[in-house]
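Here's a quick walk through one model, taken piece by piece. Have the structure open while you read.

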Amino acid sequence: MKPIGYWLNRTDKALTCYMNDMLEEFGLTRIAWQILNVIHDTPEVADTEVLSTLAANAGTVTLTGAIETVLADGWANRPAPDRLALTHRGRQRLADVAVRVDAFRELSMSGISLDEYRTAVRVLERMSQNLEMTTRVSRPV
């Protein structure tokens with residue numbers, strides 16, 4: 001049996017490749033789509049909040065570049081400096097993308113029960129918390 005790190009990396013790569021291919025026709029990447037979801041969930045969100053929310057998914061340079069892309073493509077705008085909001089067009093386009101994302105989720109969950117999925121997520125969450133706590137405790141101040 002291969003170790004969990006192998007499967008985590010392989011799964012993340014498969015998710016990213018599939019989503020990037022699927023979202024390409026909309027002019028999006030997985031990261032840009034995640035940014036749009038953060039903006040959707042928190043209207044007039046601060047850039048810093050988007051960066052901190054998605055810090056585990058990509059580095060600051062990648063996230064900042066994706067923010068600039070969704071702004072340039074008209075998905076979002078700046079209602080105030082350092083604030084992001086979806087445009088009317090962006091909300092409509094995100095709804096169109098949601099149909100594809102739902103089909104993607106259905107495909108990725110094929111043969112996996114909701115209970116199995118929840119268990120996997122809880123286990124990974126605990127592993128992350130265990131390691132993050134250990135890292136904080138063991139780092140010299």
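## The hairpin and its sheet

Let's start at the turn: five residues sit between the strands in the hairpin of β2 and β3, and D82 there takes a positive phi near 60°. Bear in mind that this is a predicted model.

On either side of that turn, β2 and β3 (residues 83-86) run antiparallel and are paired over two bridges. If you want a spot to click on, N77 stands opposite A85 in β3. Strand β3 also pairs with β1, again in the antiparallel sense and over two bridges. In that pairing, A46 has R83 of β3 as its bridge partner.

Put the pieces together and you get an open sheet of three strands, ordered β1-β3-β2, with antiparallel pairing. The edges are β1 (45-46) and β2 (76-77), each of which pairs on one side only.

Here are the two strand pairings side by side:

| Strands | Sense | Bridges | A residue pair |
|---|---|---|---|
| β2 and β3 | antiparallel | two bridges | N77 and A85 |
| β1 and β3 | antiparallel | two bridges | A46 and R83 |

## A helix across the strands

Now for the helical side of things. Helix α2 (residues 30-41) lies across β1, β2 and β3, and it runs at about 90° to β3.

How does α2 pack with helix α4? The angle between α2 and α4 (residues 60-72) is about 70°, and their axes are 9 Å apart. Anything from 65 to 115 degrees counts as roughly perpendicular, so that is how α2 and α4 sit relative to each other. On the α2 side, the contact is made by I31, A32, I35 and L36. On the α4 side, T62, L63, A66, I67 and V70 make the contact. Sorted by class, the contact of α2 with α4 has eight nonpolar residues, one polar and no charged ones.

## A closer look at Q34

One more residue in helix α2 deserves a stop, and that's Q34. Is Q34 buried or exposed? Its relative accessibility is 12%, and buried means under 20%, so Q34 counts as buried.

What does Q34 touch, leaving out residues up to four places away in sequence? The answer is L54 and N57. With N57 there's a polar link too: the side chains of Q34 and N57 are joined by a polar contact of 3.2 Å.

Key. Residues are numbered from 1 along each chain as its sequence is written. This is a predicted model: local features need pLDDT of at least 70, side-chain atom pairs count only at pLDDT 80 or more; totals for chains, interfaces and linings use all residues. Side-chain values use heavy atoms; hydrogens and water are left out. Two strands pair if DSSP finds at least two bridges between them. Helices (H or I, at least four residues) and strands (E, at least two) are DSSP runs, numbered from the N terminus. Contact means heavy atoms within 4.5 Å. Axes are lines fitted to C-alpha atoms, for helices over the stretch in contact, and angles run from 0 to 180 degrees between N-to-C directions. Buried means under 20% relative accessible area, exposed over 50%, partly exposed in between (1.4 Å probe, protein chains only). A polar contact is a pair of N or O atoms within 3.5 Å; within protein, one must be able to donate a hydrogen and the other to accept it, and residues adjacent in sequence count only if both atoms are side-chain atoms. Angles under 35 degrees count as roughly parallel, over 145 as roughly antiparallel, 65 to 115 as roughly perpendicular and the rest as oblique. Ala, Val, Leu, Ile, Met, Phe, Trp, Tyr, Cys and Pro count as nonpolar, Asp, Glu, Lys and Arg as charged, and the others, Gly among them, as polar.
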